[in-house]
Amino acid sequence: MRRNPPEPSGNAPLRIYGAAVIYGAALDTTLVLETPEHVTFRYQLAGPGQRFAAYLVDFGIRGLILGMAVFLVALAGGSFFADLWGLELGILLLLFFVVEWGYFLFFESLSRGASPGKRALRLRVIRQDGLPVSFGDSLLRNLLRAADLLPTFYVVGVITMCLDDKFRRLGDLVARTIVVFEPRATGLGPSTKRERAATAPRPPGTALPLPARPMLSRRERAALALFHRRAPELSVARARELAEIWAPTLRARFDVPDADALALLETLHERTVDS
Amino acid sequence: MSFKNVDAFVQARRPIWEALASELVGDRPLAKRPAAVISRVARLYREVCTDRMRAERLGLNPSALHYVDALVSRAHAALYDARPEPLSNWRSFMVREFPRALRKNGALFGIACFLFFVPFALTLSQTLFNPEAAARILPIETLEQMAEAYSQEPSGRTGGESATMAGFYVYNNVGIAFRCFATGILFGLGTAFFLVYNGAITGAITGHVIQTGGGINILTFIAGHAPLELTAIVISGAAGLEMGRALLVTEGRTRLGSLWHQRHGILAQVVGAALMLLAAAFVEGFWSPSSAPARLKWGVGIGLMTLVVLYLGFAGRRKAR
């Protein structure tokens with residue numbers, strides 16, 4: 001039997017920030033793709049919850065469109081029930097067809113993979129290779145909806161999504177598409193010097209008896225810097241929980257047995273950065 | 001360029017990121033924008049790619065990394081976005097691609113015919129010779145409604161009624177065809193079910209109406225649109241079965257890779273079937289119930305049947321020059 005060359009499957013290794021390359025199994029929802037010219041993309045895959053929320057928004061919009069159409073037809077017919085029989089009803093049924101089968105296709109192929117609901121939740125359909133979906137891709141993934149929503153309420157689709165490492169439903173598997181989350185510009189910190197001065201934390205622990213130039217390895221300094229930037233995005237309790245993992249070692253090393261974990265890490269970071 | 005720390009890095013590079021982000025706002029393809037914008041985006045993209053690598057080395061916080069990631073991938077998509085499959089090629093699709101794709105899938109088209117017409121013939125013969133049989137297949141009310149509808153010769157509807165029915169046929173029939181196709185992803189089983197189911201129902205209704213005396217009426221009614229409608233339903237089934245076969249007979253590919261390899265032909269059949277059903281819906285809405293003489297309707301039916309066979313069997317056989 002003739003065997004075809006292996007398909008380019010688009011299954012790039014899944015990697016995690018700052019960790020080793022991990023093949024096959026993802027610990028978080030970051031998908032890493034690498035092009036031949038060594039440009040690497042990291043996508044945040046959208047999970048079933050986000051996609052369900054987007055679906056609800058789209059469902060509402062579709063309901064609104066059809067509800068308004070029914071209302072207009074009813075107005076044109078003069079009464080709500082009696083004269084609903086004629087051309088306007090034919091157009092209404094056509095509209096039902098178009099909205100049921102064409103809504104997602106229309107918006108996904110016109111606005112680069114984002115139906116209004118997806119846009120509201122900052123989701124987008126893209127091809128597995130990172131390019132925008134074409135009309136054909138969108139047609140295929142949305143026709144397959146009819147299989148995904150079987151037997152009712154998208155049971156097949158949700159099960160498929162949960163089994164797949166990229167949260168793809170049947171339509172996505174067939175059309176080779178994924179749904180990704182595009183975060184807003186967050187975590188960049190304040191943009192101007194004044195803002196930075198205003199928001200810069202002044203931890204109470206500046207009085208900690210620490211050396212002016214604490215001896216810390218490069219990796220340790222990087223970890224402190226990362227924590228420093230990340231802490232404002234976390235709740236205080238969670239930040240302290242994370243800090244407590246490392247704090248005991250540091251307390252022992254710098255001989256500050258009673259230092260608060262957050263203040264300790266923050267002070268160490270300041271003294272390594274500013275030196 | 002080296003940066004003392006992450007904050008200095010973000011502060012220095014942020015304007016570049018924001019400049020790129022502002023160029024990528026909106027859905028207008030990059031190719032349709034001025035050349036200066038394209039080369040500006042390309043330059044900014046290279047800068048941000050470099051920043052992405054620096055960011056990881058400097059230990060940028062994850063949420064800021066995600067922002068840069070999204071920026072890089074959006075810019076890449078905008079720059080490399082090729083729009084293949086243009087919609088302008090409808091003529092070539094109708095004249096060549098669709099009938100060719102169907103002929104290539106001839107064996108499964110035969111099986112789809114079998115799956116539809118054998119149950120059709122079975123329920124037809126059952127209901128034809130056994131008055132009680134229909135009631136075991138369909139609810140009595142539906143049957144009475146059908147028998148009533150065909151108890152008289154079609155005498156023409158008002159234009160409004162015809163439009164309503166045409167709309168209904170589009171909604172109902174194209175929906176059936178799409179479902180019949182899509183469920184083929186379950187290794188063809190869903191498609192097989194819908195073909196058998198629709199064949200059985202259609203046969204039962206036809207048989208029952210004939211049995212209760214509306215025979216000539218219903219056959220005259222369906223003569224016009226049946227060649228288009230039934231053929232199209234079977235074609236959508238053939239496409240669904242092809243999807244199932246691609247999953248089973250992979251020729252060394254992965255199952256999904258095998259399906260991906262066949263997608264053009266499969267999609268062509270589905271779109272072709274949908275267009276045929278669209279045409280059928282208007283025939284069924286406006287022509288079939290009209291008061292035109294029965295002989296003319298039969299003539300048109302036979303004419304359409306011949307056209308469908310010639311079109312699907314021969315269109316696009318010769319290579320395009």
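How many helices and strands are there in chain B? In this predicted model, chain B holds 13 helices and zero strands, and a reader who follows its sequence from one end to the other meets the pattern α-α-α-α-α-α-α-α-α-α-α-α-α.

The overall dimensions of chain B can be described in two ways. Along its principal axes, the C-alpha trace of chain B spans about 95 × 45 × 40 Å. The radius of gyration of chain B is 28 Å, whereas a compact globule of 321 residues would have a value near 20 Å. Of the 321 residues in chain B, 44% are buried. When contacts in chain B between residues at least 6 apart in sequence are considered, 83% of them join residues at least 24 apart.

Chain A has another make-up, for its secondary structure comes to 11 helices and six strands. Buried residues account for 33% of the 275 residues of chain A, and among its contacts between residues at least 6 apart in sequence, 57% link residues that are at least 24 apart.

Four strands of chain A form an open sheet, in which the order is β3-β4-β6-β5 and the pairing is antiparallel. At the edges of this sheet lie β3 (30-34) and β5 (123-127) of chain A, each of which pairs on one side only. From one strand to the next, the twist averages 45°. In general, the strands of a sheet pair through backbone hydrogen bonds, and they do so in either a parallel or an antiparallel way.

The sheet can be followed across, beginning at β3(A). Five bridges connect β3(A) with β4(A) in the antiparallel sense, and one residue pair that illustrates this is V32(A), whose bridge partner in β4(A) is R42(A). The next step, from β4(A) to β6(A), is again antiparallel and rests on two bridges; here Q44(A) stands opposite F181(A) in β6(A). The last step joins β5(A) to strand β6 (residues 177-181) of chain A through five bridges, with the two strands running antiparallel. F181(A) appears in this step too, as the bridge partner in β6(A) of L123(A).

Some details of the backbone are found in the loops of chain A. Most residues other than glycine have a negative phi, and most peptide bonds are trans. Against that background, R122(A) has a phi near 60°, a positive value in a residue other than glycine, and R122(A) is located in the loop between α3 (116-120) and β5 of chain A. R176(A) likewise has a positive phi, near 55°, without being a glycine, and its place is in the loop between α7 and β6 of chain A.

Are R122(A) and R176(A) buried or exposed? R122(A) has 17 other C-beta atoms within 10 Å, and is therefore partly exposed. R176(A), by contrast, has 21 C-beta neighbours inside 10 Å and so counts as buried, given that the cut-off for a buried residue is 20 or more. A further detail concerns a peptide bond: L150(A) and P151(A) are joined by a cis peptide bond with an omega of about -20°, and P151(A) sits in the loop between α5 and α6 (155-163) of chain A.

Further along chain A, two helices meet. The axes of helix α10 (residues 236-254) and helix α11 (residues 261-273) of chain A come within 8 Å and cross at roughly 70°, and α10(A) and α11(A) are therefore roughly perpendicular to each other. On the α10(A) side, the residues that meet α11(A) include A239(A), A243(A), A247(A) and L250(A), while those of α11(A) include L262(A), L265(A) and L268(A). By class, the residues of this contact of α10(A) with α11(A) comprise nine nonpolar, no polar and three charged.

What remains is the meeting of the two chains, where 57 residues of chain A are in contact with 59 residues of chain B. The elements that give two or more residues to the side of chain A touching chain B are β4 (40-45), α2 (87-110), α4 (135-143), α5 (145-148), α7 (170-175) and α9 (218-230) of chain A. Among these, α2(A) gives the most, with 10 residues. Sorted by class, the side of chain A that touches chain B has 35 nonpolar, 13 polar and nine charged residues.

Methods. Residues are numbered from 1 along each chain as its sequence is written. Chains are lettered from A and ligands numbered from 1 in the order in which they are written. This is a predicted model: local features need pLDDT of at least 70, side-chain atom pairs count only at pLDDT 80 or more; totals for chains, interfaces and linings use all residues. Two residues are in contact if their C-beta atoms, placed from the backbone, lie within 7 Å. Ala, Val, Leu, Ile, Met, Phe, Trp, Tyr, Cys and Pro count as nonpolar, Asp, Glu, Lys and Arg as charged, and the others, Gly among them, as polar. Axes are lines fitted to C-alpha atoms, for helices over the stretch in contact, and angles run from 0 to 180 degrees between N-to-C directions. Angles under 35 degrees count as roughly parallel, over 145 as roughly antiparallel, 65 to 115 as roughly perpendicular and the rest as oblique. The radius of gyration is taken over C-alpha atoms; the globule rule is 2.2 Å times the number of residues to the power 0.38. A residue is buried if 20 or more other C-beta atoms lie within 10 Å of its own, exposed if 12 or fewer, and partly exposed in between; C-beta atoms are placed from the backbone. Two strands pair if DSSP finds at least two bridges between them.
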